[in-house]
Amino acid sequence: MESQPANVQYYPFYPVVPPASGKLIDHILAVDVETSGPFLAHSFMTSFAFVLVDASNGKIVDTFDAYMPVQPGRYWDSACLATFWRNRPDIYNTTVMKMHEQTMTCEEIAHNALSWLWKHGQDKNITIFSDNPSFDIPWIDMYLPVPCTLQTVFGVYRRIIDTTS
């Protein structure tokens, strides 16, 4: 049997290599975003979710999710509707319904999300997981109150890239 490399800590579901700080990853923040299209300039975020997981045991610590209200001046991208949303009619209908029922503004939702991130981001060494970080992270950053980004919440963090697409 091969010996475990000294710089890798094995957890129940994945290996974690310590970042330059030398501290082991202790929490994972899974991030997912759904949008009306791929363009930050004219599409909009329909919903997003965070799941904080304790990396030592794989247990969920806390979750945050929100449906965004309908946003004037932004629209559904026809290609996104055709290739993603129309193939998932139940999810599309639920999303649209929840967006129209949303009573908070985008700013209020962003403030609540930022408060949640600050609450959980302090004194933790977090790795952010996303199925598509080059897409999801900019959307989250765009909605967080300026000048805040995920990096300002967590300091230096390591993005995990999508290796399956």
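This report describes a pocket and two loop residues, Asn57 and Ser43, in a predicted model.

## The second largest pocket

The second largest pocket encloses about 170 Å³ of space. Its lining consists of Asp32, Val33, Glu34, Thr35, Gly37, Pro38, Cys80, Phe84, Asp131, Asn132, Phe135 and Asp136. Sorted by class, the lining comprises five nonpolar, three polar and four charged residues.

Two secondary-structure elements, β3 (27-35) and α4 (133-143), each contribute at least two residues to the lining of this pocket. The largest share, four residues, is supplied by β3.

## Ser43 in the loop after β3

Ser43 belongs to the loop between β3 and β4. Because its relative accessible area is 0%, Ser43 is classed as buried.

Leaving aside residues up to four places away in sequence, Ser43 is in contact with Ser36, Gly37, Pro38, Arg74, Tyr75 and Trp139. Among these contacts of Ser43 are Gly37 and Pro38, which also appear in the lining of the second largest pocket.

## Asn57 in the loop between β4 and β5

Asn57 is located in the loop that joins β4 (45-54) and β5 (59-67). With a relative accessibility of 38%, Asn57 counts as partly exposed, whereas Ser43 is buried.

The side chain of Asn57 places a polar atom 2.8 Å from the backbone nitrogen of Lys59. Asn57 and Asp26 are separated by 31 residues in sequence, and their C-alpha atoms lie 9.7 Å apart in space.

Terms used. Residues are numbered from 1 along each chain as its sequence is written. This is a predicted model: local features need pLDDT of at least 70, side-chain atom pairs count only at pLDDT 80 or more; totals for chains, interfaces and linings use all residues. Side-chain values use heavy atoms; hydrogens and water are left out. Buried means under 20% relative accessible area, exposed over 50%, partly exposed in between (1.4 Å probe, protein chains only). A polar contact is a pair of N or O atoms within 3.5 Å; within protein, one must be able to donate a hydrogen and the other to accept it, and residues adjacent in sequence count only if both atoms are side-chain atoms. On a 1 Å grid over the protein atoms alone, a cavity is a set of points where a 1.4 Å probe fits but cannot get out, and a pocket is an open set with protein on both sides within 12 Å along at least five of seven lines; lining residues have an atom within 4 Å of a point. Grid points are joined across faces, edges and corners, and a volume is the space filled by probe spheres set on the points. Ala, Val, Leu, Ile, Met, Phe, Trp, Tyr, Cys and Pro count as nonpolar, Asp, Glu, Lys and Arg as charged, and the others, Gly among them, as polar. Contact means heavy atoms within 4.5 Å.
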